[in-house]
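Student: I'd like a close look at one part of this protein, the open sheet and whatever packs on it. Could you walk me through that, and then show me how it compares with other spots in the chain?

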Amino acid sequence: MRVTHVITRLIVGGAQENTVASVLGLQLKPGLEVDLISGPTSGPEGSLVSAFDPFPKRLTLVPELVRPVHPWKDVLAFRRLARIFEEHRPEIVHTHSGKAGIVGRLAAARAGVPMIIHTVHGPSFGPFQSGPANWIFRSAERRAGRVTDHFVVVANAMSRQYLAAGIGRAEQYTKIASGFPLEPYLTASNDLALRARLSLGPQDFVVGKIARLFKLKGHDDLFKIAPTLVRKCPQIKFLLVGGGEWRERFEGLARSLGLERHFVFTGLVPPAEIPALVGIMDALIHLSTREGLARALPQALAAGKPVIAYDCDGANEVCLENETGFLVRPGDLETLTRRLTELAGDATLRERLGRNGRRLVRDQFPVERMVDDLHALYLKLAAEHRHSS
């Protein structure tokens with residue numbers, strides 16, 4: 001069975017890491033021939049294209065498949081994808097991300113692909129968009145949804161949001177957690193030498209945040225409460241992992257607050273280096289207001305670190321109140337400050353939450369389980385298709 005995945009770009013990010021792991025894992029399954037089509041990857045977010053260096057025939061780049069709305073290029077991408085599907089005749093086209101999800105599914109339908117699957121990694125509409133933008137994205141998702149045989153979601157919150165928007169039927173949705181290699185996180189340690197290289201002392205309380213330095217990621221809220229947190233806990237340090245267009249702005253903000261020594265910016269970090277950085281954190285915060293289920297949360301839990309997250313999208317499916325961490329209403333800076341202060345002053349609490357989180361993640365998030373679940377879904381859908389045809 002030939003399966004072609006399609007994604008808009010292969011930047012360093014959760015949806016992209018999920019897709020790459022899925023393609024490379026599924027190609028080892030007997031009876032499957034799996035490849036990936038991606039648009040061009042450029043910019044400050046980094047690239048995962050090199051993951052396919054050992055398997056060059058598994059990756060096809062389509063220059064017209066760009067992330068911004070671009071009517072002429074979108075038409076060209078649609079035609080190019082439809083032609084590829086007609087030539088290679090995959091039994092399944094499995095799309096990821098917004099643009100590739102829309103254009104890829106419509107092209108697959110035009111080419112007569114027997115089964116079309118789409119993974120919802122995060123919402124393309126919601127309160128973070130303007131009214132007109134929401135109307136456009138909902139309409140596009142509904143149109144693509146009519147040619148979609150099945151949806152995979154990384155969190156149940158995505159199913160609820162898409163069904164509420166009139167996209168698909170409940171029986172068309174399957175949750176498959178966005179798995180990752182657990183071992184590097186399970187064995188991550190508080191490396192004092194790494195702390196020292198980042199100007200973090202052995203006694204510092206290190207609050208980590210893994211996210212692009214850009215809008216909707218919640219960094220501004222962290223800067224708003226940082227002066228209060230530093231007064232309450234002079235040993236607190238903030239480790240901001242990730243690059244992005246707003247780095248210079250945030251560095252300037254840290255200087256204007258007189259807190260340069262409390263903020264450490266790592267810049268863009270390859271995925272393989274993330275476990276070591278999580279290992280030196282004492283807690284992780286996730287303040288995004290648009291996310292399916294950020295991989296940073298289960299990754300921190302796998303390393304035994306408590307998490308604090310805004311109660312947004314699928315965060316509450318792994319950040320369990322007073323079990324693995326604390327949920328905070330988006331924008332509730334008073335509660336966010338109080339919870340961070342609690343964790344800073346209570347090592348026993350941190351250990352309990354981290355232990356519980358590690359147990360949860362061991363069961364739900366192994367990358368092998370994700371690949372096995374996808375494989376089982378493909379076989380099930382293929383059997384149903386043969387039975388109905």
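**The open sheet and beyond**

Tutor: Let's start with the sheet itself, keeping in mind that this is a predicted model. Six strands make up an open sheet, and reading across it the order is E10-E9-E8-E11-E12-E13, with parallel pairing. Strand E10 (263-267) and strand E13 (325-328) sit at the edges with a single partner strand each, so one side of each has no neighbour in the sheet. Going from one strand to the next, the twist averages 20°.

Now zoom in on the E13 edge. Its partner there is strand E12 (residues 307-310), and the two pair in the parallel sense over 4 bridges. If you want a spot to click on, Ile308 stands opposite Phe326 in E13. Helix H8 (residues 219-232) packs on this sheet, touching strand E8 (205-210), strand E9 (236-241), E10, strand E11 (283-286) and E12. The direction of H8 makes about 165° with that of E9.

Next, have a look at strand E4 (residues 92-96). Here 5 of the 5 residues are buried, so E4 is largely enclosed by the rest of the structure. As a rule, side chains in a regular strand alternate between the two faces of the sheet. In E4, Ile92, His94 and His96 point one way while Val93 and Thr95 point the other way.

E4 has strand partners too. Strand E1 (residues 2-7) pairs with E4 in the parallel sense over 4 bridges, and Thr4 stands opposite Val93. Strand E5 (residues 115-120) also pairs with E4 in the parallel sense, over 5 bridges, with His94 opposite Ile117. To get from E4 to E5 the chain runs through helix H3 (residues 98-110), a β-α-β crossover that is right-handed.

Thr148 is worth a stop as well. You'll find Thr148 in the loop between helix H4 (131-145) and strand E6 (150-153). Thr148 counts as buried because its relative accessibility is 4%, under the 20% cut-off. Leaving out residues up to four places away in sequence, Thr148 touches Arg105, Ile116, His118 and Gln172.

Last, a helix pair. Helix H12 (residues 333-345) and helix H13 (residues 347-364) pack at an angle of about 100°, with their axes 5 Å apart. That angle makes H12 roughly perpendicular to H13. Where they meet, Glu342, Leu343, Ala344 and Gly345 in H12 face Ala347, Leu349, Arg350 and Leu353 in H13. Sorted by class, this contact has 5 nonpolar, 1 polar and 2 charged residues.

How values were computed
Residues numbered from 1 in each chain as written. Predicted model: local features only at pLDDT ≥ 70, side-chain atom pairs only at ≥ 80, totals over all residues. Heavy atoms only, no water. Buried < 20%, exposed > 50% of the residue type's maximum accessible area, 1.4 Å probe, protein only. Contact = heavy atoms within 4.5 Å. Pairing = 2+ DSSP bridges. Axes fitted to C-alpha atoms, helices over the stretch in contact; angles between N-to-C directions. Parallel < 35°, antiparallel > 145°, perpendicular 65-115°, else oblique. Nonpolar A, V, L, I, M, F, W, Y, C, P; charged D, E, K, R; others polar. Right-handed = clockwise from strand over helix to strand, strands pointing away.
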